[in-house]
Each structure stands twice: as C-alpha cells, then as structure tokens.
Amino acid sequence: QARLLERLQHPHPLVAARLLRRSGMESQPDDQSQDLTAFVQNLLKEMQGRFQNMSDSIVNRIDDMGARIDDLERSISDLIREAGVEDGSAGGAAPPAAQR
C-alpha cells in the first residue's frame, strides 16, 4: 500500500496516471476514457463527412455558376454581333462595346 500511495502522490500527473494504469487501479476510468475517445473520434469522422459534403456542394454550385456566366457571356457576344450586323447593313458603325 505504501507503494500505491507513492504512485498516487507523484508530482507529475501524467506519470501518476501511468503508474495507476500499470497497477490496475484505474480500470474503470480507463474504460471511460476509451469510450470518450471512441465517441470523439466518431463525432469527428461524422463532422468531417458533413464538411466534405458541404464542400463538394459548394464546389458544384461554383462550377454551375461559372458555366452560367460563360453562357451569359456567349449570349451577350451573340447579341452584340447581331446588333453590329444590323447596324452595319444600315451603314452605321459597330457599337463601341463590340469593338474590343
């Protein structure tokens, strides 16, 4: 028992905890810490999965928005070209926006 008391009174808490584990006196808290560790690991994995899903969703939305912007730019260019052709047939110059 004197040795056990010595282990419990060790000045460094981590060393005291290791000594207790070796002596078998800390089996219940060790089980609790293993349960807590498993719970935290599962929670972190779940959170990582959710963040990955959100990240994928955001990237897909950005890609969709980029494609829409490209389509809009093509449509505007087509409209400017058509307006330039119509103005050109009437003898006018192309609009300044079409002259790049």
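**Exercise 1.** Is arginine 74 buried, partly exposed or exposed?

*Solution.* This is a predicted model, in which local features need pLDDT of at least 70, side-chain atom pairs count only at pLDDT 80 or more, and totals for chains, interfaces and linings use all residues. Residues are numbered from 1 along each chain as its sequence is written, and side-chain values use heavy atoms, with hydrogens and water left out.

Step 1. Take the classes: buried is under 20% relative accessible area, exposed is over 50%, and partly exposed lies in between (1.4 Å probe, protein chains only).

Step 2. Arginine 74 has a relative accessible area of 49%, so this residue is partly exposed.

**Exercise 2.** Find the salt-bridge partner of arginine 74 and place the pair in the fold.

*Solution.* Step 1. A salt bridge requires a side-chain nitrogen of Lys or Arg within 4 Å of a carboxyl oxygen of Asp or Glu.

Step 2. Aspartate 71 meets this with arginine 74, the closest N and O atoms being 2.3 Å apart.

Step 3. Both residues lie in helix H3, three residues apart, and are therefore separated by about one helical turn. Helices are DSSP runs (H or I, at least four residues) and strands likewise (E, at least two), numbered from the N terminus.

Step 4. Aspartate 71, at 41% relative accessible area, is partly exposed.

**Exercise 3.** Classify both residues of the salt bridge between glutamate 46 and arginine 50.

*Solution.* Step 1. The N to O distance is 2.8 Å.

Step 2. Glutamate 46 is partly exposed at 42% relative accessibility, whereas arginine 50 is exposed at 55%.
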